[in-house]
Amino acid sequence: MRYFFNIRPTDGVILDEEGGEFADLHQAHTSALAAVRELAAAKIKSGEAIPDQRMEVRDEDNALRVKLSFHEVVQALLLKR
């Protein structure tokens with residue numbers, strides 16, 4: 001199934017026009033989580049604040065399947081240490 005990873009900053013949405021094929025929602029969720037970690041790491045490395053935004057995983061029918069907060073993902077990583 002094709003899933004789309006949209007980013008929702010505080011003012012609008014950045015649409016994933018292409019999406020990606022995944023065997024199931026679990027694989028799409030895992031990929032979205034890795035993407036959020038990479039985007040947050042890039043901000044940290046460049047000395048920028050991590051924005052208060054979310055990544056939404058939507059299916060082919062545009063149904064919201066997963067919502068990931070950038071702040072919550074980073075906080076979970078910090079708590080693992």
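1. Two strands count as paired if DSSP finds at least two bridges between them. By that criterion, 4 strands of this predicted model form an open sheet in the order S2-S1-S3-S4, with antiparallel pairing. S2 and S4 stand at the edges and have a single partner strand each, so one side of each is left without a neighbour in the sheet.

2. Overall composition. The chain has 2 helices and 4 strands, and from the N terminus on its elements run β-β-α-β-β-α. The radius of gyration is 13 Å, close to the 12 Å that the globule rule gives for 81 residues, so the chain is as compact as a globular protein of that length. The C-alpha trace spans about 35 × 30 × 15 Å along its principal axes.

3. Burial and contact range. Of the 81 residues in the chain, 31% are buried. If one takes the contacts between residues at least 6 apart in sequence, 46% of them join residues at least 24 apart.

4. Strand S1 and its two pairings. S1 (2–8) is mostly covered, with 5 of its 7 residues buried. S1 pairs with strand S2 (residues 20–21) in the antiparallel sense over 2 bridges, and Tyr3 stands opposite Gly20 in S2. The pairing of S1 with S3 is also antiparallel and runs over 6 bridges. There, Phe5 has Val57 of S3 as its bridge partner.

5. Strand S3 and its pairing with S4. In S3 (54–59), 5 of the 6 residues are buried, so this strand is largely enclosed by the rest of the structure. S3 and S4 (64–69) pair in the antiparallel sense over 5 bridges. Met55 stands opposite Leu68 in S4, while Val57 has Val66 of S4 as its bridge partner. Val57 thus appears in both registers, with Phe5 in the S1 and S3 pairing and with Val66 in S4.

6. The S3 to S4 turn. S3 and S4 form a hairpin with 4 residues between them. Asn62 lies in the loop between these strands and has a positive phi of about 70°, although it is not a glycine. Most residues other than glycine have a negative phi. A reader who checks backbone torsions will find this residue in the turn of the hairpin.

7. Helix H1, geometry and ends. H1 (residues 25–45) has 21 residues and reaches 30 Å from its first C-alpha to its last, close to the 30 Å expected at 1.5 Å a residue. At the N-terminal end, Asp24 acts as the cap: one of its side-chain oxygens lies 3.2 Å from the backbone nitrogen of His26. Just after H1, Gly47 takes a positive phi of about 80°.

8. Helix H1, sidedness. Which residues of H1 are buried? They are Ala28, Ala32, Leu33, Val36 and Ala40. These residues cover an arc of only 135° around the axis, which puts them on the same side of H1. An α-helix has 3.6 residues a turn, so residues three or four places apart point the same way. The face turned away from the buried side of H1 carries the exposed residues Glu38 and Lys45.

9. What covers H1. The cover over the buried residues of H1 includes strands S1, S3 and S4. Helix H2 (70–80) is also part of that cover. Of the strands named, S1 has 5 of its 7 residues buried, and S3 has 5 of its 6 residues buried.

Note on methods: Residues are numbered from 1 along each chain as its sequence is written. Side-chain values use heavy atoms; hydrogens and water are left out. The expected span of a helix is 1.5 Å times one less than its number of residues. Buried means under 20% relative accessible area, exposed over 50%, partly exposed in between (1.4 Å probe, protein chains only). The arc is that of the directions from the helix axis to the C-beta atoms. Contact means heavy atoms within 4.5 Å. A polar contact is a pair of N or O atoms within 3.5 Å; within protein, one must be able to donate a hydrogen and the other to accept it, and residues adjacent in sequence count only if both atoms are side-chain atoms. The radius of gyration is taken over C-alpha atoms; the globule rule is 2.2 Å times the number of residues to the power 0.38.
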